[in-house]
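Here's a quick briefing for anyone meeting this protein for the first time. Take a look at the sequence and model, then read on.

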Amino acid sequence: MSASLFGKEGYMRKAAAYLAVSLDGFIADKDGSVGWLDDFADAQEDGGYEAFVQTVDTVVMGGRTYRQVTQELSPGVWPYEGLDCRVWTHDSGPLPHAQRIEGNLAAWLHAEKQKPGRDIWLCGGAALAQALAAAGLIDRYEITVIPTLLGGGVPLFGALEQEQKLRLL
């Protein structure tokens, strides 16, 4: 798969949702925590992460994901160094490592996909993934299914207005 394609309108970047989900479809537990991923992360190799990161130059996340990364998962160390980080949030607080996405998320992503560059990583969370899936703007899903049943929590996908057919690669 190519990181970007050249089409009639110029470079066409792809938006890739690269996420981990429990076997029962949750990206966070009932408390909104992703601590359940720790046991899996410690026991596994990189699972293709390093190769994936080489295909992107932009990482996009929601406000809750940004706060989790900066306050819980990686306090004091910014794990996305070298990537353009954008955050879709209604919170007006400071974003030391990122720029806020202003206005309509779908319109912003559509415009970004028209610009030259590598692909765009949709890092999380659920509201961001759901909004972009509903708009039909996710080009590729790279989902790691973790062999854990959480029994509840934050689902990756909510209801969609219409079915979206995907192809398993």
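**How far to trust it**

The protein has a mean pLDDT of 88 (the predictor's confidence in each residue, from 0 to 100), and 90% of its residues reach 70 or more. This is a predicted model, where local features need pLDDT of at least 70 and side-chain atom pairs count only at 80 or more, while totals for chains, interfaces and linings use all residues. Residues are numbered from 1 along each chain as its sequence is written, and side-chain values use heavy atoms, leaving out hydrogens and water.

- Confidence is highest in strand E6 (residues 84-88), at a mean of 98, and lowest in strand E1 (residues 4-7), at 38.
- Over residues 1-10 the pLDDT drops below 50. Where pLDDT is low, don't read the predicted coordinates in detail.

**Overall build**

- You'll find five helices and 10 strands here (DSSP runs, H or I of at least four residues for helices and E of at least two for strands, numbered from the N terminus).
- Of the protein's 169 residues, 37% count as buried (under 20% relative accessible area, 1.4 Å probe, protein chains only).

**The cores**

- The largest nonpolar core (buried Ala, Val, Leu, Ile, Met, Phe, Trp, Tyr and Cys residues joined through side-chain atoms within 4.5 Å) has 20 residues, with Val60, Leu109 and Leu122 among those with the most contacts inside it.
- Strand E3 (15-22), helix H4 (105-113), strand E8 (119-124) and helix H5 (126-134) each give two or more residues to this core, and H5 supplies the largest share, five residues.
- Apart from that core lies another, of 18 residues, including Val53, Tyr66, Cys85 and Val87.

Note on methods. Buried means under 20% relative accessible area, exposed over 50%, partly exposed in between (1.4 Å probe, protein chains only). Contact means heavy atoms within 4.5 Å.
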